Structure formats: C-alpha cells, structure tokens
Amino acid sequence: MGISVELSLYPLQSSYKNTILGFVDKIRAYEHLSVTTNAMSSQIFGDYDDVMQVLQKELKIVFEQPEMLVVVMKVVGKNLED
C-alpha cells in the first residue's frame, strides 16, 4: 500500500537550517522513497512500511539531539504522486 506524508520540522533554536536540511538530505538518501520539498514542508511518497520505517529511524535521531523540535505530520493512505 502506498502512502503520502507531508512533514514539517520546526527546530526550536536559532540555527534551524542545518537541522532541517540535514534531515531532508537523510530522507532523500533512501532511493526507494520519493521526496519533494518546498519552503513550508517536505512530501514523502512510497510504500507504507518503507516510509514508516525510515521516519521512525530518522525522527528518533533528531529527537535524540539536545535541541528541542516540533514535527507536524499528515499521512494519506494513498501515494498521491502516482
């Protein structure tokens, strides 16, 4: 089953760009996912299990950092990119 995820990452610090860009770069490295970004959010498309496994792993890494951040995520149970 394909899904679409819209994700916005809001680090609560003044040097937020590196955190956001680093996270997006890590997600883009997974070749089996499709990632589109704009000024407000990132959209991730792929198989449900693949997307959720990647998000579980990569969000845990950013949440383990000392800086606080907020993640806003919307999930659609269909790959809207197809």
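**Overall fold, nonpolar core and selected residues of the predicted model**

In the protein chain, 69% of the contacts with a separation of 6 or more link residues 24 or more positions apart, where contact denotes heavy atoms within 4.5 Å. The structure is a predicted model, in which local features require pLDDT of at least 70 and side-chain atom pairs are counted only at pLDDT 80 or more, whereas totals for chains, interfaces and linings draw on all residues. Residues are numbered from 1 along each chain as its sequence is written, and side-chain values rest on heavy atoms, with hydrogens and water left out.

The secondary structure comprises two helices and four strands, arranged along the sequence in the pattern β-α-β-β-α-β. These elements are DSSP runs numbered from the N terminus, helices being H or I runs of at least four residues and strands E runs of at least two. The radius of gyration of the protein chain is 12 Å, which agrees with the value near 12 Å for a compact globule of 82 residues; it is taken over C-alpha atoms, and the globule rule is 2.2 Å times the number of residues to the power 0.38. Along the principal axes, the C-alpha atoms fill a box of roughly 35 × 25 × 20 Å.

Of the 82 residues, 34% are buried; buried means under 20% relative accessible area, exposed over 50%, and partly exposed in between, with a 1.4 Å probe and protein chains only. The protein chain exposes about 5400 Å², of which carbon and sulfur atoms supply 55%, the areas being obtained by the Shrake-Rupley method with a 1.4 Å probe. There are 7 positive and 11 negative side chains, and the centres of the two sets lie 5 Å apart. In this count Lys and Arg are positive and Asp and Glu negative, with His and the chain ends not counted; each charge is placed at NZ of Lys, CZ of Arg, CG of Asp or CD of Glu.

The largest nonpolar core has 16 residues, among which Val5, Phe23, Ile27, Leu33, Ile44, Val51 and Leu55 touch the most other members. Strand 1 (2–11), helix 1 (17–28) and helix 2 (48–63) each supply at least two residues of this core, and the largest share, five residues, comes from helix 2. Such a core is a set of buried Ala, Val, Leu, Ile, Met, Phe, Trp, Tyr and Cys residues joined through side-chain atoms within 4.5 Å. Apart from neighbours within four places in sequence, Leu55 contacts Val5, Leu7, Phe23, Ile27, Ile44, Lys60 and Met73.

Ser42 lies in strand 3 (residues 42–47) and is buried, with a relative accessible area of 12%. Residues up to four places away in sequence aside, Ser42 touches Val5, Glu6, Leu7, Val24, Thr36 and Thr37. Its C-alpha atom is separated by 16 Å from that of Glu31, eleven residues apart along the chain.

Thr37, found in strand 2 (residues 34–37), is partly exposed at a relative accessible area of 35%. Beyond neighbours within four places in sequence, Thr37 contacts Val24, Arg28, Ser42 and Gln43. The C-alpha atoms of Thr37 and Ser8, 29 residues apart along the chain, are separated by 9.9 Å.

Glu81 occupies the segment after strand 4 (69–76) and counts as partly exposed, with 42% relative accessibility. Glu81 touches Ser34 and Phe45, not counting residues up to four places away in sequence. A distance of 9.6 Å separates the C-alpha atoms of Glu81 and Gln43, which are 38 residues apart along the chain.
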